[in-house]
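The following exercises ask the reader to locate selected residues and to classify their side-chain interactions. Each task is followed by a solution in steps.

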Amino acid sequence: MEKYLEGGEISEEEIISGLKNAIKMDKAVPILCGSSSQLTGLKNLFDFIIEFVPSPAKSEPAIANNTEGKEVKCLPKEDATLCAFVFKTRIDQYVGKINYVRVRSGVIYPESEVYNSTRKEKEKLGHIFLA
């Protein structure tokens with residue numbers, strides 16, 4: 001930024017590197033346009049995610065509470081204990097409650113029984129749809 005404000009030119013590589021770093025440090029939130037009903041912009045969205053969003057393997061592990069209430073690190077590995085975060089819940093008049101989940105470690109299966117650390121109880125999952 002200082003280079004630009006001092007009248008210097010910023011290369012495309014510097015812009016890309018700066019944007020990746022800002023996203024990784026939660027200093028920038030990119031906004032992309034598209035239409036889910038017309039399926040426009042999806043390729044651009046997925047290309048952007050692949051190019052700019054940091055891989056969970058290169059990110060700091062998430063911290064969660066286990067069944068005993070102790071803090072544990074959620075390493076992004078399939079063979080690790082399941083650690084997932086519900087980031088959005090939607091109510092559909094025909095389907096019912098739909099939870100959008102980000103899996104931080106482990107694997108999630110339909111009809112699995114998982115521990116909800118917020119409610120401090122086990123819950124049974126229903127159908128799983130992948131996006």
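**Exercise 1. Determine the setting of Arg90 and its side-chain partners.**

Step 1. Arg90 belongs to strand S3, which covers residues 83-92. The model is a predicted one.

Step 2. The relative accessibility of Arg90 is 35%. Because buried requires under 20% and exposed over 50%, Arg90 is classed as partly exposed.

Step 3. Once neighbours within four places in sequence are set aside, the contacts of Arg90 are Gly96, Lys97, Ile98 and Tyr100.

Step 4. Two polar contacts of the Arg90 side chain can then be listed. One, of 3.2 Å, is made with the side chain of Tyr100; another, of 3.3 Å, is made with the side chain of Asp92.

Step 5. The pair Asp92 and Arg90 also qualifies as a salt bridge, with an N to O distance of 3.3 Å. The cut-off applied here is 4 Å between a side-chain nitrogen of Lys or Arg and a carboxyl oxygen of Asp or Glu.

Step 6. For a distance across the chain, take Gly41: its C-alpha atom is separated by 23 Å from that of Arg90, and the two residues are 49 apart along the chain.

**Exercise 2. State how many salt bridges the whole structure contains, and describe the one formed by Lys20.**

Step 1. The search of the whole structure returns four salt bridges.

Step 2. Among them, the side chain of Lys20 meets that of Glu51 at 3.2 Å, N to O. Since Lys20 is in helix H2 and Glu51 in helix H3, this pair ties together parts 31 residues apart in sequence.

Step 3. Lys20 is partly exposed at 31% relative accessibility, and Glu51 is partly exposed with a relative accessible area of 41%.

Step 4. A further salt bridge joins the side chains of Arg119 and Glu123 at 3.0 Å, N to O. Glu123 has a relative accessible area of 24% and is partly exposed.

**Exercise 3. For Asp26 and Glu111, give the sign of phi, the location and the exposure class.**

Step 1. Phi of Asp26 is near 60 degrees, a positive value in a residue that is not glycine. Glu111, likewise a residue other than glycine, has a positive phi near 65 degrees.

Step 2. Asp26 sits in the loop between helix H2 (12-24) and helix H3 (42-52). Glu111 sits in the loop between strand S4 (96-105) and strand S5 (113-116).

Step 3. With a relative accessible area of 68%, Asp26 is exposed. Glu111, at 45%, is partly exposed.

Methods
Residues numbered from 1 in each chain as written. Predicted model: local features only at pLDDT ≥ 70, side-chain atom pairs only at ≥ 80, totals over all residues. Heavy atoms only, no water. Helix = DSSP H or I, 4+ residues; strand = E, 2+ residues; numbered from the N terminus. Buried < 20%, exposed > 50% of the residue type's maximum accessible area, 1.4 Å probe, protein only. Contact = heavy atoms within 4.5 Å. Polar contact = N/O pair within 3.5 Å; in protein donor to acceptor, adjacent residues only side chain to side chain.
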